[in-house]
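Okay, thanks everyone, let me get the picture up on the screen. I'll talk through some side-chain pairs and one helix, and then we can chat.

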Amino acid sequence: MHLAFTRLYHSYRGQDPASEPQIALPVKLFLNIVEQEGSSDDPLEQAIADFVTIAFYFLLRVGEYTCQTLTKKTRTVQFRRNDVTFWHEPPTGQTYRLSLDAPLESLLQASSVTLRLSNQKNGVRDATLTHEPVDGEFCPVKATARRYAASRQANPNNVFAMLCQYAPNKIVTAKHIAQVLQRAAFRTTIWMEGFELDRIGPHSIRASGAMHLYLNDVPEATIMNIGRWQSRTWLTYIHNQIAAVTAGASRNKYTPHPLNTN
């Protein structure tokens, strides 16, 4: 590029405001959604609570588990029922795949669940991720089991039906996720802890999952694998608004060390 255009381009960049990515959120907000929306009689709110749980554990982009319409085609292919595999491990230790028509009760008791992403925003194809159950309702296996069963009931004859279909001709959208996150943010009063409400959105779930893995000393390679990151760009999710990220840094800097010049 000609030097004059290069300088002009950089001057434009210097005038642009700093980007404000959606921020990571505390686990208590997601637990609140599971408790409130998850126990609702509204099938949509139940679906939202489950997808918030799934997105947190699998570090999903919002476009991977929601869609605007049942027919709109995008580069990112949303999860379909055929992308989900439930596994059972009996006392003998030999794991086997649960059948496609297994009842919900069996799916809820699965020893693990695997999701396959057929195509993603960054071009990665056929990535697979597996998670095991955890205690309580904030569990990736139970949440996925409920969404699988709901999609199966809403569209029983189509194994390629989207997982976000919770009723006939009804799906979960990114707008639904954003609304519930804001609602939970007000309920948990996290703005009093310094969280900016206008920076909370669907992408906050992916950022939160990465942040909590990081704070729990999960190896960087594992975080990249779960989030399907091909470079260290995932570090942009480790926002400095979380005080735990820099906790102890000042004390570490103060500790004297000999600085030899030879």
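I'll go through the aromatic pairs, then helix H6, then the salt bridges.

Quick reminder before I start: this is a predicted model.

So, aromatics. The count comes to seven aromatic pairs. Take Phe-56 and Phe-138: their ring centres sit 5.4 Å apart with the planes at 45°, so we call that pair tilted. Where are these two? Phe-56 is in helix H3, residues 43-58, while Phe-138 is in the loop between strand S4 (127-131) and helix H6 (140-154), so the pair ties together parts that are 82 residues apart in sequence. Both Phe-56 and Phe-138 are buried. They also belong to a cluster, linked by ring pairs, together with Phe-30 and Tyr-57.

Another tilted pair is Phe-186 with Trp-191, at 5.7 Å centre to centre and 55° between the planes. Buried or partly exposed, what do we have for Phe-186? Phe-186 is partly exposed, at 49% relative accessible area, and Trp-191 is partly exposed too, at 38%.

Okay, on to H6. This helix has 15 residues and runs 21 Å from first C-alpha to last, close to the 21 Å expected at 1.5 Å a residue. How many of its 15 residues are buried? Twelve, so H6 is mostly covered. Among them are Pro-140, Tyr-148, Arg-147 and Arg-152. And what do the buried residues of H6 pack against? The partners are H3, strand S1 (84-88), helix H5 (104-108), strand S3 (112-117), S4 and strand S5 (165-167).

Last bit, salt bridges. The structure holds twelve of them. Glu-45 and Arg-183 make one, 3.0 Å from N to O. Glu-45 is in H3 and Arg-183 is in helix H7, residues 174-187, so that bridge ties together parts 138 residues apart in sequence. Arg-183 is partly exposed, at 34% relative accessibility.

Then there's Arg-116 with Asp-83, closest N and O atoms 2.8 Å apart. Arg-116 is in S3, and Asp-83 is in the loop between helix H4 (62-65) and S1, so here the parts tied together are 33 residues apart. Asp-83 is buried, at 3% relative accessibility, whereas Arg-116 is partly exposed, at 27%.

One more: Glu-137 and Lys-142 meet in a salt bridge at 4.0 Å, N to O. Glu-137 is partly exposed at 42%, and so is Lys-142 at 23%. Through shared partners, salt bridges join these two with Asp-50, Arg-146 and Arg-147 into one network.

Note on methods: Residues are numbered from 1 along each chain as its sequence is written. This is a predicted model: local features need pLDDT of at least 70, side-chain atom pairs count only at pLDDT 80 or more; totals for chains, interfaces and linings use all residues. Side-chain values use heavy atoms; hydrogens and water are left out. Rings of Phe, Tyr and Trp (its six-membered ring) pair if their centres lie within 6.5 Å; planes under 30 degrees apart count as stacked, over 60 as edge-to-face and the rest as tilted. Helices (H or I, at least four residues) and strands (E, at least two) are DSSP runs, numbered from the N terminus. Buried means under 20% relative accessible area, exposed over 50%, partly exposed in between (1.4 Å probe, protein chains only). The expected span of a helix is 1.5 Å times one less than its number of residues. Contact means heavy atoms within 4.5 Å. A salt bridge is a side-chain nitrogen of Lys or Arg within 4 Å of a carboxyl oxygen of Asp or Glu.
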